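Me: I'd like to go through a binding site with you and check each label against its criterion. Could you take a look at this one?

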Amino acid sequence: MQRVLFVCLGNICRSPTAEGIFREKLAQSHLAEQVECDSCGTAAYHIGKAPDARSQQAAKQQGYDLSSLRARQVQGSDFEQFDIICAMDRANYDDLMAQASPDHHHKIHLFLSFAPDLEETEVPDPYYGGEQGFKQVIKLCEAAADGLLKRLA
Ligand code: 4NP
């Protein structure tokens, strides 16, 4: 079993979107029995909450259901249990690298590194912006989820 973890700041916008999209694509692939995934946040603000209503709405419009996901904070055991840890932005990446022991650093990647053809290298935080930002998160996460699945295949 390969285990993938998606990480943002709050675990209510970007990383649950990444998880929902990856889950859907995984279910439709031949890897469904061999890969598991989860998401979490580096911050504790939103522990136990469902994804932001705006993220759920944008995801639903593209056929992804995020409603059963609940936020949690990253914990030390995540660096042991997961094989690939995908940070949504550089700040998330730096926080994870600071928390992980050096022997786990190789597991931590910027999520968009799996979509090298994109101009963007980070998934921008949509929390304080408008609807367009949430749509952009979907687009970027779809591209990186495709690239990650190809890498795992
Ligand atoms: P996320 O977005 O990291 O994509 O879940 C955010 C959610 C909440 C906050 C910031 C970003 N916040 O400051 O509460």
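Me: What makes the lining of the largest pocket divide into seven nonpolar, three polar and two charged residues?

Reply: Happy to walk through it; note that this is a predicted model. The lining includes Gly-10, Asn-11, Arg-14, His-46 and Asp-125. Asp and Arg count as charged, and Gly is among the polar ones, so Arg-14 and Asp-125 are charged, while Gly-10, Asn-11 and His-46 are polar. Cys-8, Leu-9, Ile-12, Cys-13, Tyr-45, Tyr-127 and Tyr-128 also line the pocket, and they are nonpolar because Cys, Leu, Ile and Tyr belong to that class.

Me: How much space lies in the largest pocket, and what sits there?

Reply: About 160 Å³ of space lies in the pocket, and the ligand sits in it. That label requires more than half of the ligand's atoms to lie within 2 Å of the pocket's grid points.

Me: Why is the pair between His-46 and the ligand called a polar contact?

Reply: A polar side-chain atom of His-46 is 2.8 Å from a ligand oxygen. The cut-off is 3.5 Å, so the pair qualifies. Arg-14 passes too, with a side-chain N or O atom 2.7 Å from an oxygen of the ligand. For Cys-13 a polar backbone atom takes part, at 2.9 Å from a ligand oxygen.

Me: How much of the ligand does the protein cover?

Reply: On its own the ligand has 360 Å² of accessible area, and the protein covers 92% of that.

Key:
Residues numbered from 1 in each chain as written. Predicted model: local features only at pLDDT ≥ 70, side-chain atom pairs only at ≥ 80, totals over all residues. Heavy atoms only, no water. Polar contact = N/O pair within 3.5 Å; in protein donor to acceptor, adjacent residues only side chain to side chain. Areas by Shrake-Rupley, 256 points an atom, 1.4 Å probe, with all protein chains shown as cover. 1 Å grid on protein atoms, 1.4 Å probe; cavity = no way out; pocket = protein on both sides within 12 Å on 5 of 7 lines; lining within 4 Å. Points joined across faces, edges and corners; volume = space filled by probe spheres on them.
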